[in-house]
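Work through the exercises below with the sequence and the model open. Each task is followed by a solution in steps.

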Amino acid sequence: MHRRSRHLLFAVGIALAAINPLQAQTTDIPPWLQQHVGQGEGQIALVVLQRARDLYQEQVREAGISNPCYLAMDATRPSTSSSGTPGQRFYIICEEEESFRAVSSGYGSGRDLPQANFRNGRECARHFSNAEGSNLTMGGAYVTAETRTSFKGYFSDSDDRVPFERSFLLFDGMGETDNAREREIGGHVAMFLRWQCRFSDPESPFADAEGFVPFGQLINYDGGRSNGCTTWSEEVAGDIISLVEGDPTTLYIYPESGDINAVAEAVTGQRSLSEEGLYWNAACLEEIETPVFWTRETLRPIIDEWRDTLPEQPPLELPICR
């Protein structure tokens, strides 16, 4: 069977499963894993787990995935737990060793443009899209791909200047996420370097043609917002990249466009989500009121129009560090 055909069959299966996810059967989920199913902190919603397992098992059968673990994310959950720590909404599940781990992760920030405001708040995601340039999360099926590591600059650590190199785990998508490569969607540590100046270090392997390297402040945004990628804490990022390096596995992100639109219709019609067989984290739904899915056909022209209005910027030249 061709890869595209397998993806289509999987998408159909997901659509059928979405009809009544809260009433779906759990008999095929092992008892040890059922203990982690729920909507409380550190738990995984049933629909998210079932779709993640279905994707993983399909890719094991049809695409040769051999990694004993798979990944999932529930982007409807809040960024902060009740204790004030980063909320756990990303899951690492290894059924062979009966291991379940819930960790924090970031979601796409979106943008506030003159033509349209699709920017997400810090606590809960309201807007979702697969449009290139949207900086938004897109739910659906992914497979982890290769890792690329790039130098970002130097930062200060205990009075020493230390190079910051960030590894980026690429995702390959299917169906509505099939433009993940175009969007440069993947996973990485929730850190970036805010450049401040440059200093001369001709012996550095990272020096430019004039012998300078950038220097800046290392910013940690663990559990916050990203430019559309999935982000993790430093420890978790290292664990995940080590887990899938050379041994790809699946990642399922909830919600998909069909879930978003169905929940929006139910909320607008003042119908009960549970009676409709729909799921959204209750705390975040109260905050965002109604989720919004922006199709790439709708949002991409808006983004392109905005880009066309941006003035040309001169090449960035950092000042010399003092």
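**Exercise 1.** Which side chain meets that of Arg101 in a salt bridge? Place both residues in the fold and classify their exposure.

Solution. The model is a predicted one.
Step 1: The partner of Arg101 is Glu235, with an N to O distance of 3.9 Å. The cut-off for a salt bridge is 4 Å, so this pair falls within the limit.
Step 2: Arg101 belongs to strand E3 (residues 99-104) and Glu235 to helix H5 (residues 234-244), so the salt bridge ties together parts that lie 134 residues apart in sequence.
Step 3: Arg101 has a relative accessibility of 28% and is therefore partly exposed. Glu235 has a relative accessible area of 57%, which means that Glu235 is exposed.

**Exercise 2.** Examine the salt bridges of Arg77 and Glu146, then look for a network.

Solution.
Step 1: Arg77 pairs with Asp74, and their closest N and O atoms are 3.4 Å apart. Arg77 and Asp74 are both buried, that is, under 20% relative accessible area.
Step 2: Glu146 pairs with Arg148, with 3.2 Å between the closest N and O atoms. Glu146, at 33% relative accessibility, is partly exposed. Arg148 is also partly exposed, at 48%.
Step 3: Shared partners link Glu132, Glu182, Arg300, Asp304 and Arg307 into one network of salt bridges.
Step 4: Over the whole structure, the search finds 19 salt bridges.

**Exercise 3.** What is the volume of the largest pocket, and which residues are the closest to its centre?

Solution.
Step 1: The volume of the largest pocket is about 740 Å³.
Step 2: The lining of this pocket has 27 residues, and Arg166, His188, Ser226, Asn227 and Cys229 are the closest to the centre.
Step 3: Two or more lining residues come from each of strand E6 (140-157), strand E7 (160-173), helix H4 (180-183) and strand E11 (225-226).

**Exercise 4.** Which element gives the most residues to the lining of the largest pocket, and how does the lining divide into nonpolar, polar and charged residues?

Solution.
Step 1: H4 gives the most, with four residues.
Step 2: Sorted by type, the lining of the largest pocket has eleven charged residues, eight polar and eight nonpolar.
Step 3: For the sorting, Arg counts as charged and Cys as nonpolar, while Ser, Asn and His count as polar. Applied to the residues closest to the centre, this puts Arg166 among the charged, Cys229 among the nonpolar, and His188, Ser226 and Asn227 among the polar.

How values were computed. Residues numbered from 1 in each chain as written. Predicted model: local features only at pLDDT ≥ 70, side-chain atom pairs only at ≥ 80, totals over all residues. Heavy atoms only, no water. 1 Å grid on protein atoms, 1.4 Å probe; cavity = no way out; pocket = protein on both sides within 12 Å on 5 of 7 lines; lining within 4 Å. Points joined across faces, edges and corners; volume = space filled by probe spheres on them. Buried < 20%, exposed > 50% of the residue type's maximum accessible area, 1.4 Å probe, protein only.
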